[in-house]
Number of protein chains: 2
Amino acid sequence: MPTLVMKFGGTSVATLDRIRRAAKRVGVEVAKGYDVIVIVSAMSGKTNELVGWVNETSPLFDAREYDAVVSSGENVTAGLMALTLQEMDIPARSWQGWQVPVMTTSAHSAARIEDIPPENINEKFAEGMKVAVVAGFQGVSPEGRITTLGRGGSDTTAVAFAAAFDAERCDIYTDVDGVYTTDPRICADARKLDRIAFEEMLELASLGAKVLQTRSVELAMRYKVKLRVLSSFEEQSDEAGTLVCDEEDIMESNVVAGVAYSRDEAKMTLVSVADRPGIAAAIFSPLSEAGVNVDMIVQNISDDGRTDMTFSCPTDQVARAEKAMEEAKTRGDINFHDLVADQAVAKISVVGIGMRSHTGVAAKMFRVLSAEGINIKVITTSEIKISVLVERKYMELAVQALHEAFELEKAA
Amino acid sequence: MPTLVMKFGGTSVATLDRIRRAAKRVGVEVAKGYDVIVIVSAMSGKTNELVGWVNETSPLFDAREYDAVVSSGENVTAGLMALTLQEMDIPARSWQGWQVPVMTTSAHSAARIEDIPPENINEKFAEGMKVAVVAGFQGVSPEGRITTLGRGGSDTTAVAFAAAFDAERCDIYTDVDGVYTTDPRICADARKLDRIAFEEMLELASLGAKVLQTRSVELAMRYKVKLRVLSSFEEQSDEAGTLVCDEEDIMESNVVAGVAYSRDEAKMTLVSVADRPGIAAAIFSPLSEAGVNVDMIVQNISDDGRTDMTFSCPTDQVARAEKAMEEAKTRGDINFHDLVADQAVAKISVVGIGMRSHTGVAAKMFRVLSAEGINIKVITTSEIKISVLVERKYMELAVQALHEAFELEKAA
């Protein structure tokens with residue numbers, strides 16, 4: 001039998017009625033002849049409640065106990081989903097992480113899946129079970145303790161099962177109906193993509209299109225798992241949602257797949273830094289140690305042995321970054337005249353694997369922004385992405401103008 | 001190190017504050033030098049919520065899934081209790097049933113504990129852990145599925161751990177401060193017992209003194225586990241609560257230890273049954289198969305080959321009993337003129353191991369009731385108990401009169 005993995009997030013299993021609706025979707029796939037592995041999250045709100053209790057009990061909690069407590073929400077949903085399927089006369093049973101087993105590292109509350117031996121579940125499929133309902137987000141450490149994979153970990157569980165069981169596809173049911181060319185709240189013309197390449201999805205996900213956990217996309221790319229994002233709140237056809245897949249499975253695509261933005265960016269400039277070999281390491285090592293997530297880095301052309309170094313980071317890490325830089329200066333590790341933080345910026349990115357073979361995307365992007373009177377503060381590029389920092393007040397305008405200029409409202 | 005088992009019921013761990021209070025009690029015992037095994041129930045209300053979800057999802061549920069869902073409440077409390085103890089600098093960790101492992105039968109939702117290998121927990125005690133916090137009420141079947149022990153199962157978990165670890169004592173913390181000579185709500189003179197024999201506790205528990213689950217008392221009796229019932233809401237001394245123990249550990253005791261009552265009894269009489277060998281089996285086998293819990297049984301003296309057979313059962317099983325009897329009559333298995341159900345009765349019992357060596361308890365009981373004008377409908381006796389059925393409206397009066405006549409307000 002071909003195997004299908006279906007994952008339902010917290011909002012899709014928030015009530016018994018929603019669990020029933022999700023179970024009906026599972027029933028449709030079972031009727032097509034699939035053996036189905038269903039991965040469930042906790043009912044929405046439950047995990048937050050449990051995390052709240054742990055934090056209140058012990059602010060610097062033992063992560064092993066955190067995992068033991070927080071994983072319980074998924075166990076409840078898994079049992080209820082199995083019961084719902086049984087009521088529909090579909091042979092189903094629930095599996096907790098340790099029962100499969102989902103073998104993980106011992107990095108509690110941020111564990112990585114190391115192996116999912118398929119034997120136990122396959123034995124039950126062979127005996128006639130049609131659906132294995134697995135509690136997402138959790139596993140078991142080599143020491144036999146319960147682990148969790150970190151927030152959004154159920155997406156990762158789903159992809160890992162799809163890889164371990166060589167599933168035909170991994171369907172992620174969520175509260176949006178797919179991946180869009182940009183945020184529909186900002187741009188009314190935003191269009192749902194039928195397909196998107198793993199690389200593009202990674203760039204979009206890490207830029208704030210919070211549809212799929214980044215780790216799950218990385219894992220899907222590595223094991224070539226076809227990943228589909230679709231809504232659990234709409235009637236579905238086989239072509240619903242967005243398929244995240246290998247580049248080769250995308251026949252035609254626009255040069256630019258989408259426009260992403262990030263609002264909470266700050267631009268920091270170290271003015272007049274002594275330019276010498278090793279200066280970048282001297283700046284960014286202390287930032288890293290201070291837990292600052294540096295994103296874009298730009299070094300200006302050096303002039304008489306001094307340069308300006310600009311980087312971006314999340315706005316809530318500005319104070320931490322300033323402290324780290326002042327301390328490095330005090331220690332004499334670096335030398336600069338001034339540190340200027342600009343917290344009123346936003347990052348805009350255009351993403352598309354088509355850029356690899358098409359030139360002129362960057363030039364067009366700059367032209368469009370210029371035509372709208374938007375000044376570009378920082379530019380960085382990668383093979384499939386061009387990002388710029390602009391004044392935050394121009395963010396929506398920039399997204400709309402780029403979406404229109406690249407004609408993203410039209411399918412390829 | 002001597003080992004102590006401490007069990008906290010649902011009301012004793014209902015909130016984070018109450019968990020902290022319970023943890024402080026544990027800390028007192030750790031300070032005395034004990035290795036402590038703490039058994040926790042789910043926060044009160046949680047199990048009912050989970051059971052409600054299961055029933056709504058699937059009225060004829062798969063008990064294996066019921067167990068998977070319903071056991072999760074205890075896991076949450078176990079983790080939170082371990083974290084609370086750690087915050088008090090007491091080395092502690094949580095254990096779920098399968099981690100210990102608590103090995104049970106496969107009788108899901110009513111499993112029996114078969115073995116608790118102490119090695120895993122003892123290894124951690126040897127490494128310096130002072131408290132093992134174990135999720136009560138749950139275990140793991142030979143098939144590796146999660147089982148539960150039935151309602152009130154955490155008491156049984158506690159006693160089984162006390163037996164497996166040869167604990168000095170098993171303290172059951174609950175919302176009452178001990179076992180009373182009778183219900184204080186009915187009789188203001190009711191007195192807390194310092195000690196009570198296992199046999200007496202069994203008779204009182206099964207009669208409705210809902211302090212300890214009957215199975216846990218049976219288990220404690222078999223393994224000679226000293227069981228103490230005490231309140232988690234009061235400051236405690238070593239002499240607090242009631243010690244349930246072997247008869248030999250009770251120096252002096254009243255002839256009668258307590259007066260119990262049960263309100264929800266019905267008296268059923270099969271009028272004019274043909275009296276022949278095997279008639280009792282012909283009556284009570286179908287009742288048993290119909291799930292009727294028959295308690296008292298009285299057969300009147302036979303007259304011209306016919307007799308009246310009277311039995312008692314819970315009031316909510318009367319309809320089921322009537323159906324079973326009519327069906328047996330239709331099949332020709334039994335023959336009776338009439339079936340009379342009296343649902344306005346109550347059972348009153350006096351219990352005490354002293355009855356074994358003292359005569360006259362029954363006679364005194366009948367005298368007391370007679371003096372109050374209370375008519376006795378049915379009498380049954382055992383070695384340490386005399387029970388009568390009376391009109392329900394006399395229940396309180398009967399309890400008060402017997403309590404006073406046997407001077408239960410005075411210690412031995």
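## Exercises on a predicted two-chain model

In this predicted model, chain A is split into domain 1 (3-175) and domain 2 (259-405).

**Exercise 1.** State how far apart the centres of domain 1 of chain A and domain 2 of chain A lie.

*Solution.* Take each centre over C-alpha atoms. The centres are separated by 39 Å.

**Exercise 2.** Describe the contact between chain A and chain B, then break down the side that chain B contributes.

*Solution.* Start with the count. Chain A gives 27 residues to the contact, and chain B gives 27 residues. A contact here needs C-beta atoms, placed from the backbone, within 7 Å.

Next, locate the elements on chain B. Helix 2 (46-57), helix 3 (63-70) and helix 4 (72-87) of chain B each supply two or more residues to the side that touches chain A. Helix 4 of chain B has the largest share, at 11 residues.

Then sort by class. The side of chain B that touches chain A holds 13 nonpolar residues, 10 polar residues and four charged residues.

**Exercise 3.** Determine what symmetry relates chain B to chain A.

*Solution.* Superpose chain B on chain A. The operation is a rotation of 179° with a shift of 0.2 Å along its axis, and the RMSD is 0.4 Å. Therefore the relation is that of a two-fold axis.

Now place the axis. Within chain B, Ser72(B) has the C-alpha nearest the axis, at 3.0 Å from it.

Finally, check the surfaces. Of the contact residues of chain B, 100% recur in chain A. Both copies use the same surface.

Key:
Residues numbered from 1 in each chain as written. Chains lettered and ligands numbered in written order. Predicted model: local features only at pLDDT ≥ 70, side-chain atom pairs only at ≥ 80, totals over all residues. Domains from an automatic or database assignment. Contact = placed C-beta atoms within 7 Å. Helix = DSSP H or I, 4+ residues; strand = E, 2+ residues; numbered from the N terminus. Nonpolar A, V, L, I, M, F, W, Y, C, P; charged D, E, K, R; others polar. Least-squares fit on C-alpha atoms with pLDDT ≥ 70 in both.
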